[in-house]
Amino acid sequence: MFSVLKERVGEILLPGDEFCCGPQDTLPLTDSGKAGRLVAGPGLRRSGDRLLVSRSGVLRHKEPNKFWIESQQRRYVPAKGETVIGIVTTKSGDVFKVDIGGSELASLSFLAFEGATKRNRPNVQVGDLLLAQLVVANKDMEPELVCIDGSGRANGMGVLGTGGLLIKVSLGLVRRLLAPRSDLRADLEQLFPCELTVGMNGRVWVRAGAVQQTLVLANLLQSCDAMTAAQRQQLFRRLQQGAF
Amino acid sequence: MFALDDLSLVMSTKSWRLEVLLCITLICRYYYQPKETLCSVEKIALSLESTTGEKLCSVEDCNQGTGVYQRHGYIYSSLAGYVMRKNEGEELPVISVVRETEALLLPDVGAIVTCKVTGINSRFAKVHILYVGSTPLKDRFRGTIRKEDVRESEKDKVDIYKSFRPGDIVLAKVISLGDVQSTYLLTTAENELGVVVAHSEAGAQMIPISWREMQCPQTNAKEFRKVARVQPEYLEA
């Protein structure tokens, strides 16, 4: 079954596709991978002695035994540990309600900021943009955010400044921007100096020197979503010749 | 045969339901002649809206039972149902009003109840109480299990998500009846209390492994719950 899966790496699979396997071949995601056993990642689910595909996308493989489905979607499902950009909607008591693009508003305690105490409240207003990390995110409970990391430091999280623009992109583009060696980021660096804050919920905040450059960057990112690498490089080249 | 004073009392209200009920009772009374006066179903006592109940008798005649209250030396009914007068030998008879001829079972403080988790929060879990002891309830009462009542040890480090999930069946004990607006307060802080039946994320019923873990037989995934140690005599093969 290993070989059957390996053949189809790089192919587009649809929900409902099955692979038959013996009961000792698969492991749930919570256990560590051992050689000879298969780890079913996001989009793949084990049911009895079969492996079912539950999302449409491309089958990817990472040595030695990890398989997963890479899909392009725009709707964000909150997951623990992810850094997201949220918009503050209400302030009730000592809790902010933040919209992160999921099915429920997330709650953010006002004590979860760097240097915040009961007397020293953070300066956050309704409508502010925040970069925060999810600590509780599952289908049964309301998501919870914090703006500090484990040791109590902000680490870049908190309220985002003024003068920038927030755009909504697909989750695939976000992953491409955040990948360790991203060509997209390398191309963007060569254009003009800018500040980019990427949230895993499909929201990107851009700020460049001038307003016009900010707008150009925002439009670029929106269109890069649906382009191949070659088309994108062509667009960037045209832009560089036109602008400079 | 038909007591005119009974009729006049009820006809004073304009509800057609009263008239129907009264006719049925009078017909029943005509056919049913009680032999013993130990427990007789006499007449329908109705309490109107919430301000006044029907006056049953004075305090000197009978003792107060359930479903009645005492005011200014008279006993009034607080429920709509049947009046039951029980003669207990030398003492005064006990008068009580019940909805049906059997008594309704309510969860009392210290009772073991079986409930189903409906929702969780980081501070508590909301449940619906289904059974009191081994008797099923007709209505579903609401209960709450607070974070500090989940287990005995390390009460502040409890994670509700690792103890209960929506849809679990839980054995709990009532610690408080609560007031008008709040729900029953329950606790699972004992070895024999906690989750008895739970379904995994794949949908299969899970098997308990230890007091805090259960395993799904289909995917072999382990999930955290606060598991009850059910006594062997209650387990059926």
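**Exercise 1. Classify the cysteines A:Cys194 and B:Cys62 as buried, partly exposed or exposed, and state how many disulfides the predicted model holds.**

Solution. Begin with A:Cys194, whose relative accessibility is 33%. Buried means under 20% and exposed means over 50%, so A:Cys194 counts as partly exposed. Next take B:Cys62, which has a relative accessibility of 2% and therefore counts as buried. For the last step, recall that a disulfide is a covalent bond between the sulfur atoms of two cysteines. A search of the whole structure, which is a predicted model, finds zero disulfides over all chains.

**Exercise 2. Describe where A:Arg207 lies and what surrounds it.**

Solution. First locate the residue: A:Arg207 belongs to strand E17 of chain A, which covers residues 203-208. Its relative accessibility is 26%, which falls between the two cut-offs, so A:Arg207 is partly exposed. Then list its contacts, leaving aside neighbours within four places in sequence; among them are A:Gly161, A:Thr162, A:Glu195 and also A:Cys194, the cysteine of the previous exercise. Finally, look at A:Thr162 in detail: it stands 45 residues from A:Arg207 in sequence, while the C-alpha to C-alpha distance is 8.8 Å. A polar atom of the A:Arg207 side chain lies 2.6 Å from the backbone oxygen of A:Thr162.

**Exercise 3. Decide whether A:Thr197 is buried or exposed, and name residues that it touches.**

Solution. A:Thr197 is part of strand E16 of chain A, residues 194-199. With a relative accessible area of 12%, which is under 20%, A:Thr197 is buried. Not counting residues up to four places away in sequence, A:Thr197 touches A:Ile85, A:Leu131, A:Leu160, A:Arg203, A:Val204 and A:Trp205.

**Exercise 4. Characterise chain B and the surface it shares with chain A.**

Solution. Start with chain B alone, which has two helices and 16 strands, and in which buried residues make up 34% of the 237 residues. Of the contacts in chain B with a separation of 6 or more, 47% are between residues 24 or more positions apart. Now turn to the interface, where 10 residues of chain B are in contact with eight residues of chain A. The area buried between the two chains is about 890 Å², and carbon and sulfur atoms give 53% of it. On the side of chain B, B:Tyr161, B:Gln218 and B:Thr219 supply 46% of the area that this chain buries against chain A, more than any other three residues. The residues of chain B that touch chain A divide into four nonpolar, five polar and one charged. As a last step, count the salt bridges between chain B and chain A, which come to zero.

Conventions:
Residues are numbered from 1 along each chain as its sequence is written. Chains are lettered from A and ligands numbered from 1 in the order in which they are written. This is a predicted model: local features need pLDDT of at least 70, side-chain atom pairs count only at pLDDT 80 or more; totals for chains, interfaces and linings use all residues. Side-chain values use heavy atoms; hydrogens and water are left out. Contact means heavy atoms within 4.5 Å. Buried area is the accessible area (1.4 Å probe) that two parts lose on being put together, summed over both. A salt bridge is a side-chain nitrogen of Lys or Arg within 4 Å of a carboxyl oxygen of Asp or Glu. Ala, Val, Leu, Ile, Met, Phe, Trp, Tyr, Cys and Pro count as nonpolar, Asp, Glu, Lys and Arg as charged, and the others, Gly among them, as polar. A disulfide is a pair of cysteine sulfur atoms within 2.5 Å. Buried means under 20% relative accessible area, exposed over 50%, partly exposed in between (1.4 Å probe, protein chains only). Helices (H or I, at least four residues) and strands (E, at least two) are DSSP runs, numbered from the N terminus. A polar contact is a pair of N or O atoms within 3.5 Å; within protein, one must be able to donate a hydrogen and the other to accept it, and residues adjacent in sequence count only if both atoms are side-chain atoms.
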